[in-house]
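Student: Got a minute to walk me through this structure? I'd like the overall picture before the details.

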Amino acid sequence: MTSSKTVLFPHVPGIYSDEQVEAWKQVVEAVHAKGGFIFCQLWHVGRASHPVYQPNGVSPISSTNKPISDRWRILLPDGSHGKYPKPRALEASEIPLVVEDYSRSSLNAIRAGFDGIEIHGAHGYLIDQFLKNGINDRTDQYGGSIANRCRFLKQVVEGVVSAIGASKVAVRVSPAIDHMDATDTDPLSLGLAVVDLLNKLQDVNGSKLAYLHVTQPRYHAYGQTESGRQGSDEEEAKLMRSLRTAYNGTFMSSGGFTKELGMQAIQQGDADLVSYGRLFIANPDLVSRFKIDEKLNKYNRKTFYTQDPVVGYTDYPFLAPHSRL
C-alpha cells in the first residue's frame, strides 16, 4: 500500500486521502467481524517506479540517481513491461517531507481502524535503497557508513512511532535479498545494525515495536531458480538466527515457507511468527488445510497483481464444508 501519491503498478491502493480511509474502513470492519487482526503495510517504492505513475510525469525519487538494471522490468499501464528510468536522488532537505508522508499515512491507517502498520523497508524499495550499499552512493549524512545508511529508516520509524505509538508499529527488512538490485557487501552487519537501532526505539510510554519482519534469503521473486541464490543454506541460517537472537522482541519470518518449514522455525525458536503470502493467496482456508494435511491449491502468479475483484482474489476454491475444521 502506497504511503504517498506515487505508485508502482496500475490500481495500487493508497491511504493518503480521506476517501481512501473511508473505503478501507469497510475492509477492516469485515476482518474484525471475523475475529481477525489486520495491519496496513506502508510501501514507498522509490526508484522502482516510472514517470507515468508520478505526479506531472516527474522522475521517481530514491537515495541515488542510478536506475534499476535491465535485469528487471516494470509493468506499464498498457500491460507491457518496460525499463526502469533514471531516478532523482532526494536532497537531504527533502527527506523530512517523505518521513512526514509515512507518519501521516500511519495516522490514516489508524483512522481506518487498522490494528497497526508495517513499514516496508525491504525488497529494493525506497527504505532499502538507502540501506544497501549496492544502491546508496550518497556522500552526505545518509550515505557511506552503515549508521548513515540506516538514518532514513530510523527517522521513518521514529516519526511513525511518535504518531501512533510503538506497539502499533512493525518493520520489515531483507538485508540479504537482492530484489531490484538491492545488494549489500555485508548483509549480516547491516541486519545487525538495523536490529540494534530498532531495539533502542520505544515510545513515551516505554512500549516497544509490535514485531520485526525479516524475509528469508531463500525468497525468490518471479519464480527464480535455485541458481539465483547468493549464499549457502548454512550462511543463510546463520544470518537469520543472528538477527533473531539479537532482536529483543517478536520476530516474524517469511519467504518460501511450507507447513513443515514453518513448524520447524517455530519449534527451533528461529521465529515467533511465520508469514505466508503466495500459499494464502491460493488457499483462503490455508490453516484448515495445514491442520488436516490437505492438498493445497496451486497459485497463479499471473493474477497476483490485478485490480479484478474476483480473478486471483476470491476465485480459489475452499475445502468442502465437511472437511473444514
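Tutor: Sure, one term up front: a residue is buried if its relative accessible area is under 20%, exposed if over 50%, and partly exposed in between, using a 1.4 Å probe and protein chains only. This is a predicted model, where local features need pLDDT of at least 70, side-chain atom pairs count only at pLDDT 80 or more, and totals for chains, interfaces and linings use all residues. Residues are numbered from 1 along each chain as its sequence is written, and side-chain values use heavy atoms, with hydrogens and water left out.

Student: OK, what share of the protein chain is buried?

Tutor: Of its 325 residues, 48% are buried.

Student: How many helices and strands are there?

Tutor: The protein chain has ten helices and ten strands, meaning DSSP runs numbered from the N terminus: H or I with at least four residues for helices, E with at least two for strands.

Student: New topic: how many aromatic pairs are there?

Tutor: Seven aromatic pairs. Rings of Phe, Tyr and Trp (its six-membered ring) pair if their centres lie within 6.5 Å; planes under 30 degrees apart are stacked, over 60 edge-to-face, and the rest tilted. One of them is phenylalanine 130 with phenylalanine 152, tilted, at 4.5 Å centre to centre and 35 degrees between the planes.

Student: Which parts does that pair tie together?

Tutor: Phenylalanine 130 is in helix H3 (residues 126-131) and phenylalanine 152 in helix H5 (residues 151-164), so the pair links parts 22 residues apart in sequence.

Student: Are those two buried or exposed?

Tutor: Phenylalanine 130 and phenylalanine 152 are both buried. Together with Tyr142, Phe130 and Phe152 make up one aromatic cluster.
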